[in-house]
Amino acid sequence: MQYIELRDSIREGYTALQARSRYETQALREFMNTSGCKSQYSAGFAHEVPFAVDPMEMIVLLMAKDGGSVHRKAHLDEAATIVDFIYNMTVTHENRSLVYKKMCSPYCFANELFGTFKHYYDVNYRSATKSGTWSDLFNLSYPFASIWGYRVPLEQCLFGVVLTKPSKTSSSADTKKVKRFIFDEEIPVDRSKPLESQITNMEYVRLIVLFPYGFKNTTELQTGFALWELGIHEWTKKYNKGLIKKDSKIEVLAYGNEILDMEVNEDNRKMAPFFGIGFASMLAMVVICVLSISYYYEALDVGKILIGVCATLCPLLGITSTYGLLALFGVRVNSLLLVMPFLIMGVGVDALFLMMYSWQKMMEYNYTPSGRLGMVFEECGPSITITSVTNVLAFGIGAITPTPGWSNCFLALASPGRAGRWPISSTVTSRVPISPNSSADFPEVRLFCVGSSIAIFLTYIYQLILFGPALAIATTYERPYRFGDENKGTGCRALINVVFLTLLRTHCAILSRAEVAVVVFIMTVIYLCLGIQGLMTMNVRLDSEKILPRDSELHRPNTLLMNYVWEEHLSPIFLVNNRFNLTNTNLTDQFWDVLKELETLPLCKGTMQDRAFKRSIPALQLDDETVERFLFMVAYTNVTNWDVRIELMTQWRNVIAKYGTS
């Protein structure tokens, strides 16, 4: 059990192996040409296992602590300092210094958009402060700034923006523009008013968002990025508490896969006390039952201690053996498997009570230990076996129902990704199949079913080979049987007999009445109707809010991402993963048709989002006038919830499906 890998596959673990989104994720990996290897323990040994690896994806959110605009000068200066620190932060691990700036290639561009905005903001701010004017060469307008004539998409960096309202004096202010050079104009400012809303068209900015990426194609980079991401998370918590800068104006939040896994694992560790409480409760129940039955039959002796110990050991050994086997074969343990002990402690003890009761009743017949144990198995064995087999089959069916599949077919699919970008593939042919033996691709529910099935089976085996012999051994400590009919009618035993016989007769009298049968039938019909209605209208969904622990600090960044980032700017990634001949008019016309349909979908921000891309198509002239593969994005807005996302994704898939086999 020392090799147990406690980890949840948040990204893919709750997705069926045959789901479309898995194909699309694999298509994105093929497009990025990503591959790597990881250390995996199997049979007690570590070895490298090749697998497709996704880039490190992290989101950094910066906002003003006072709730005001984050694009005020002092706040922007502090935000720039934070961004610079994040890029140059050093995390030490095993005498190795981990710096994002040195590991990020080829994704070292996450801060360029914010850096560009901050640089020309400072240029305009200095000019407005000194000369009372700013140059329209550096027009920092939202959503697209214009820097020396080049469009800069500020909408991908700034969120929760409130634009300034046009004033009545704006027209007169335009007449006061001064030409400094032939190609620019100087726009005057009112120094009595906030400059940030004059050198930009933004009155208020809620968030500055960065998306650091990293290429994890080696074991060292996988470990490095994981430690760096967790280090950033710890640093942000200290920074927000004022432990690093007491008078800080900026609150910084980090959100990423490793941080999410860490939060889930920390929440899983909180289950340890509950496991102890559950085990203590099971132990107390066993002790009470064993002692009470023994006292009733006047059979208290040392052997009952052995019976109580073995009764609690059977489910406990079944649980620990299951975890050990999973670790031995290199299978990770997820959070659902940590719920399995509570299930086994519940269903693994009931059979032991049946065996104890049957064994206790056999005392009066003076069987030999082996003969008495045989009678116990004859009486209880079939029911225990049938119960265990049905439980094992139930979880076994749950484990094998989702069948893995990967076909070499054209893909026209979409799946949710991070940072508001969803990959979608067009005319993609599979080359790298998903391995069904990879624990990373093992769905979380399947892991739970496999673990529970193994634990129930092992508990059944321990009941036969451990608890049964323990009963036989305990027989040697018993005193001669002295309990007869004359004992049942005396003392507290007589009271117990009267109470339980009265309850039994009352229960039978109630159930035998016709009125009760009618009421039970009506309630059963109502229950079935409500159950069927619930199944037909049930909305099955699993999102990050449900995965996160209730007290997780990630709820806040997740809410901000939902309410601002993804609502204002959601950019699916469309992949063209086959050879694209720029001189082939059929291909190029088809491409423009796809783009036109995507742009005409509801909630699309429009063709303005793609002008830079359209201008670049003619410039992609190679020696053979072909492009091996490329991607493009179309921006959507007002994506307020998961229902809207699902509808959009369905529409993207339908559009791409028309051209997926071309």
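Select Glu78 to begin: in this predicted model, Glu78 is buried, because its relative accessible area is 6%, under the 20% cut-off. Next, display Lys245, which forms a salt bridge with Glu78, the closest N and O atoms being 3.7 Å apart. Glu78 belongs to helix 2 (residues 73-88) and Lys245 to the loop between helix 6 (219-240) and strand 14 (250-256), so the pair ties together parts that are 167 residues apart in sequence. Lys245 is partly exposed, with a relative accessibility of 31%.

This pair is one of 13 salt bridges found in a search of the whole structure. For another, select Arg653 and Glu24, whose closest N and O atoms are 3.1 Å apart. Arg653 is part of helix 21 (residues 642-657) and Glu24 of helix 1 (residues 20-32), so this salt bridge ties together parts that are 629 residues apart in sequence. Arg653 is buried at 13% relative accessible area, and Glu24 is buried at 1%.

Move now to helix 4 (residues 112-131), where Asp122 and Lys118 are four residues apart, separated by about one helical turn. These two residues form a salt bridge in which the closest N and O atoms are 2.5 Å apart. Both Asp122 and Lys118 are buried. Add Lys73 and Asp77 to the selection: salt bridges that share partners join them with Lys118 and Asp122 into one network.

The next stop is Arg206, in strand 12 (residues 202-210). Arg206 is buried, with a relative accessible area of 15%. Beyond its neighbours within four places in sequence, Arg206 is in contact with residues including Leu62, Phe159, Arg556 and Tyr564. Leu62 and Arg206 are 144 residues apart in sequence, yet their C-alpha atoms are 8.6 Å apart in space.

Then select helix 8 (residues 272-296). Its 25 residues should span 36 Å at 1.5 Å a residue, and the distance of 36 Å between its end C-alpha atoms agrees. Among the buried residues of helix 8 are Gly278, Met282, Val286 and Cys289. After the helix comes Glu298, which has a positive phi near 55 degrees.

Finally, colour the protein chain by pLDDT. The average is 79, and 82% of the residues score at least 70. Of the elements, helix 16 (residues 514-537) has the highest mean pLDDT, 93, and strand 15 (residues 410-411) the lowest, 31. Over residues 403-440 the pLDDT is below 50, although this stretch has 131 contacts in the model beyond near neighbours in sequence. Residues 168-182 also stay under 50, with 15 contacts beyond four places in sequence. Where pLDDT is low, the predicted coordinates should not be read in detail.

Notes:
Residues are numbered from 1 along each chain as its sequence is written. This is a predicted model: local features need pLDDT of at least 70, side-chain atom pairs count only at pLDDT 80 or more; totals for chains, interfaces and linings use all residues. Side-chain values use heavy atoms; hydrogens and water are left out. Helices (H or I, at least four residues) and strands (E, at least two) are DSSP runs, numbered from the N terminus. Buried means under 20% relative accessible area, exposed over 50%, partly exposed in between (1.4 Å probe, protein chains only). Contact means heavy atoms within 4.5 Å. pLDDT is the predictor's confidence in each residue, from 0 to 100. The expected span of a helix is 1.5 Å times one less than its number of residues. A salt bridge is a side-chain nitrogen of Lys or Arg within 4 Å of a carboxyl oxygen of Asp or Glu.
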